[in-house]
Amino acid sequence: MRSLILLIFVVLTNNLMAQEGTISGNLFKTENGEVIPLAMAKLVELEDGKFQRTDFDGNFSMTLTAGVHHIVVMYTGIKDTLEITVKEGENPPFTKDLSMSNELQIFVVQGAISNGGSEIKAAKDIKEDDKVVAVQTAEMMEQKGEGDVGGSVKKITGLSTVGSVLYVRGLGDRYNVAYLNGLPLPSPDPDFRVVPLDLFPTDVVSSVQVSKVMSSEFYGDFAGGAFNITTKSFYNKPTLKVSLSTGGNSQTVFRPFNSYRGGKFDYFGFDDGTRNIPTEVFTNSKPLTSFPGVNTLFPDLLYNTQYDKSADFSNNFDIVSKIARPNINFSITGGNFFDMSDKKDKSKGFGFLALLKNENSLKYQEGVVKIINAQSEERLNYDVYQYNYETASTGLLNLYYRINPDHAISVNSLFVNKSNDETRETWGYHFDYDPYYVYSRRFTYKQNFLNVNQLIGTHKFFTHKDDKDFARLIVDWRGAYNITGSKEPDRRQLVALYTGDPAQTDSYDLWNALDVNENHRFFSILKENEISAKANARYVLKFKEVKTERGNTEVEELITFNVGADYKAKRRNFDYKQFNYNIKNLADSIQPVDIYNTAQYFTDENHENGLFYIDELANFGSSYVASQNVIGAYIDAKFKFNKLEMIPGIRKEFSEQRVYNRDQTTPSKYNNTIVPTDFVQGLLPSLIFKYEASEKDVLRLAFSKTLTRPKFNEVAPFQYTLFFSGTKAQGNDTLKNGVNYNADFRYERYPSPGEMITIGGFYKFLQNPIEQTMRGTASGQLASFSNAKQGQVAGVEVEYMRSLDCFVKAEKRDSSFLKYFGIGMNASFMWTQVTIDTLDAGNISTNYRRPLEGASPFLLNVDLRYQRDFKEAKKSVLVALAYNVFGRRLVAVGGNGIGDQYALPVNTLNFISKVTFDDRFSVGVKARNLLNPYIKVVQENTQPVGGDLSVSEFRRGIDFSLSVSYNFTQKKKDKK
């Protein structure tokens with residue numbers, strides 16, 4: 001007891017002895033006589049280890065112990081140390097001009113793209129933007145446990161994913177669009193409009209802005225979200241950063257992993273030609289003179305086997321098993337700026353940024369897949385074992401030339417290559433093969449690439465003599481040439497039948513010869529190129545000059561006009577070839593069979609003896625040519641009436657989409673499918689209101705009209721099956737554009753820099769929305785697409801982003817440990833409904849009124865982080881947890897009385913930690929999917945009505961990684 005009293009006495013005595021004082025001040029710099037506040041400058045107090053930032057006007061306030069203190073000030077181009085003597089109580093405020101920093105040279109940065117920042121920059125960007133946007137900076141992405149854009153945007157309010165498809169407010173890929181530096185960004189995957197965002201590492205990204213409301217400068221074909229990825233233009237000083245990481249998946253690494261013989265460059269994701277159609281196949285093919293293809297991706301030849309000769313294809317259906325190694329990833333980033341100005345203030349010069357990145361991962365998952373009919377009977381029940389080796393290679397080069405502070409030109413070039421090498425095996429029951437059970441094996445290699453080349457110019461005219469940030473006229477122009485492609489070379493599939501123990505792999509009854517299409521090789525090629533251009537002029541018709549408290553002049557815009565035009569032309573060529581193995585004689589003569597020693601069956605000798613032969617599937621409508629042309633012109637105006645801003649706009653688009661191919665049933669006939677945009681449909685008005693009730697409160701209201709154009713694969717006649725015994729899908733050449741009417745409201749509050757609280761609502765009416773449907777055919781069900789009658793989306797969104805020191809009294813926040821903690825939360829609650837046209841006789845969908853595919857009734861994202869810079873800024877620590885959950889959502893549409901399928905809620909928890917030493921060396925540990933839940937899909941039970949039937953169930957495993965990086969950035973020496 002006496003010890004406790006003594007301890008309390010000592011603590012109280014120390015607290016009484018440690019007298020405190022409060023200092024406040026204003027930090028600024030001067031350029032050409034103009035006073036510029038150091039907004040959001042970073043302050044690190046060395047003695048007490050406190051951290052703070054200035055506000056938007058460069059003001060700050062700190063409570064420190066009495067005595068001498070040193071405060072390090074860090075700002076773009078500035079790093080200086082202030083020595084301040086703090087007395088007990090209130091201290092007189094002071095001002096400090098940091099134009100002559102003794103560590104880094106001050107330079108002009110007009111025209112440079114920001115390097116990105118934390119919540120402070122994001123909140124500032126959202127507040128100042130005229131539209132309804134969400135912003136993720138590079139630092140925010142990293143704090144949320146993400147090293148790339150893809151994982152981070154999933155945590156934005158109203159965003160979720162179903163597989164690889166990104167959904168915004170319940171609207172899937174066809175309703176969204178992606179931009180890179182303000183220009184359209186195509187996808188390397190032909191099935192998606194939006195490029196896989198995980199291809200962009202945070203090292204080269206300044207920010208990602210998601211616009212959920214249409215404004216006139218955007219192309220009109222979106223109703224969900226427009227993603228604009230802004231890359232950094234250059235590094236301000238010599239920089240070279242090298243990063244290495246390794247890791248694995250809990251159910252994959254150091255365990256058996258099945259694959260097959262591939263090419264020598266598979267490790268990097270590039271096929272070396274090993275999977276190409278052999279030259280001998282073309283040599284031994286016959287000319288196809290009657291119905292040639294509509295493009296030249298493959299020669300117009302038709303192959304049929306020659307029995308007296310050896311097989312022209314390799315005998316390579318066998319599985320190769322190995323132990324899964326850890327994933328190994330690397331990236332190299334570098335750049336610099338070369339000052340060419342006379343004053344050495346960087347007002348003129350050349351900068352560049354370059355990136356080379358390669359990632360690879362091995363993933364294994366097992367689960368169950370079922371097909372259940374309307375009578376609740378299992379028609380298919382497979383155990384699925386899937387092995388994937390995925391790679392992603394990214395190269396980026398940005399060149400930037402600053403002619404002077406008002407004129408700049410940049411060249412950006414991006415190359416992306418993505419591959420997925422999959423080995424998939426299934427065992428189980430299929431009603432067509434009863435009394436046999438079925439084994440299948442499929443090797444699928446897909447390689448997608450994207451090459452973007454951009455030229456961008458920005459020019460300012462009539463800059464203000466006192467406010468150099470203001471220009472009365474700003475003209476920018478942009479152009480791009482993009483090439484994308486996809487190939488699926490030598491997909492191989494074999495099917496065997498068995499009745500005994502499936503573990504006895506050398507005693508299967510026979511190879512399946514009932515369906516000649518089951519055992520095959522498949523080759524496809526897709527090539528696409530796109531040209532886009534844009535010119536924009538922004539003119540301030542009326543403005544006023546405002547004197548600040550420090551006596552400098554700032555310009556406030558009152559009436560501003562924005563006028564522009566853009567053009568986009570896209571052309572795609574696609575074709576495929578399939579070579580079927582007719583193995584009836586082989587199946588009849590050799591029984592049983594060993595599924596893991598296929599080389600003994602598909603020999604040249606067996607081919608010459610007629611036990612099997614190979615014929616090309618004659619589909620004369622396999623090739624198609626697709627094109628899209630969009631010409632747009634727009635004008636909008638911004639009127640400011642004190643606290644109210646009004647932005648009316650109008651956009652006019654002229655567009656046409658074509659798909660040209662031979663008819664699949666009557667190949668002598670050509671199909672020329674045209675999806676036009678009529679005059680009224682192409683008129684796209686928008687109206688946005690922004691009201692700043694106070695410096696901390698903002699209200700927004702927006703209305704707009706947009707379009708939904710079908711994707712090429714939704715119109716193309718090509719029929720395909722994604723996996724063995726999967727549902728067949730085919731495009732619909734009768735699709736037409738949909739029209740969307742959108743309304744948004746949002747209230748925003750900014751309690752302090754970097755903190756944000758928002759609540760909003762939205763409503764969308766979709767006229768003729770494009771939806772997946774089930775259609776009846778002679779061979780069963782076919783998944784396709786059609787224009788539904790109408791659709792509706794309504795919802796509420798909430799976002800909260802604050803430091804935890806908000807729970808402490810203002811005067812004690814500087815000394816509270818809670819200042820190192822931050823929390824972010826966003827939630828969405830949605831109602832969606834689509835109504836299918838009951839007059840469409842070919843549509844056999846079970847439910848003619850249902851939710852939108854992929855839409856969740858609720859989404860929740862929460863992240864908690866601890867971030868601290870220690871004394872002398874020699875070390876920083878980041879620890880963060882991020883949680884996500886989504887509600888039950890529709891993933892597949894049922895037909896002929898079969899219930900719709902829904903994905904059940906999944907809880908995801910990610911962890912990240914990172915320690916950085918001396919702003920150079922960093923070590924990080926990440927763990928994703930810590931809860932490792934089951935991913936379940938259920939089917940509504942229609943007979944009897946009620947309840948759910950499980951149709952799919954699997955787990956992804958826990959992904960973990962260890963990373964190290966070193967930054968060779970040149971540091972300036974202290975001036976003596």
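Leaving aside its neighbours within four places in sequence, which residues is Arg 521 in contact with? Let us use that question as a way into this predicted model. Arg 521 is found in strand β29. Some of its contacts come from residues with numbers in the three hundreds: Phe 313, Ser 314, Asn 316 and Phe 317. Others are Asp 490, Arg 491 and Arg 492, and the list is completed by Lys 577, Gln 578, Phe 579 and Tyr 581.

Look next at one of those partners, Ser 314. The side chain of Arg 521 reaches the backbone oxygen of Ser 314 at 2.5 Å. Is Arg 521 buried or exposed? Arg 521 counts as buried because its relative accessibility is 1%, and buried means under 20%.

Now let us turn to the spaces inside the protein. Rolling a probe the size of a water molecule over the atoms shows where empty space is left. In this structure there are 5 cavities of 30 Å³ or more. The largest cavity has a volume of about 330 Å³. It is lined by 24 residues, and the closest to its centre are Phe 192, Arg 193, Lys 570, Gln 628 and Lys 711. Two or more lining residues come from each of β13 (177-180), β29 (520-547), β30 (553-582) and α8 (712-715). You have already met β29, the strand where Arg 521 is found. The largest share of the lining, 3 residues, is given by β30. By type, the lining holds 9 nonpolar, 5 polar and 10 charged residues.

The second largest cavity has about 210 Å³ of space. Of its 19 lining residues, Leu 288, Lys 577, Glu 616, Asn 619 and Ser 622 are the closest to its centre. Lys 577 may look familiar, as it is also one of the contacts of Arg 521. Two elements, β20 (301-302) and β30, give two or more residues to this lining. Here, too, β30 provides the largest share, with 4 residues. This lining divides into 10 nonpolar, 5 polar and 4 charged residues.

Finally, how confident is the predictor? The mean pLDDT of the protein is 84, and 86% of its residues reach 70 or more. Over residues 1-18, though, the pLDDT is below 50, and this stretch has 0 contacts in the model beyond near neighbours in sequence. Residues 972-976 also have a pLDDT below 50, but that stretch has 5 such contacts. Where pLDDT is low, the predicted coordinates should not be read in detail.

How values were computed
Residues numbered from 1 in each chain as written. Predicted model: local features only at pLDDT ≥ 70, side-chain atom pairs only at ≥ 80, totals over all residues. Heavy atoms only, no water. 1 Å grid on protein atoms, 1.4 Å probe; cavity = no way out; pocket = protein on both sides within 12 Å on 5 of 7 lines; lining within 4 Å. Points joined across faces, edges and corners; volume = space filled by probe spheres on them. Nonpolar A, V, L, I, M, F, W, Y, C, P; charged D, E, K, R; others polar. pLDDT = per-residue confidence, 0-100. Contact = heavy atoms within 4.5 Å. Buried < 20%, exposed > 50% of the residue type's maximum accessible area, 1.4 Å probe, protein only. Polar contact = N/O pair within 3.5 Å; in protein donor to acceptor, adjacent residues only side chain to side chain.
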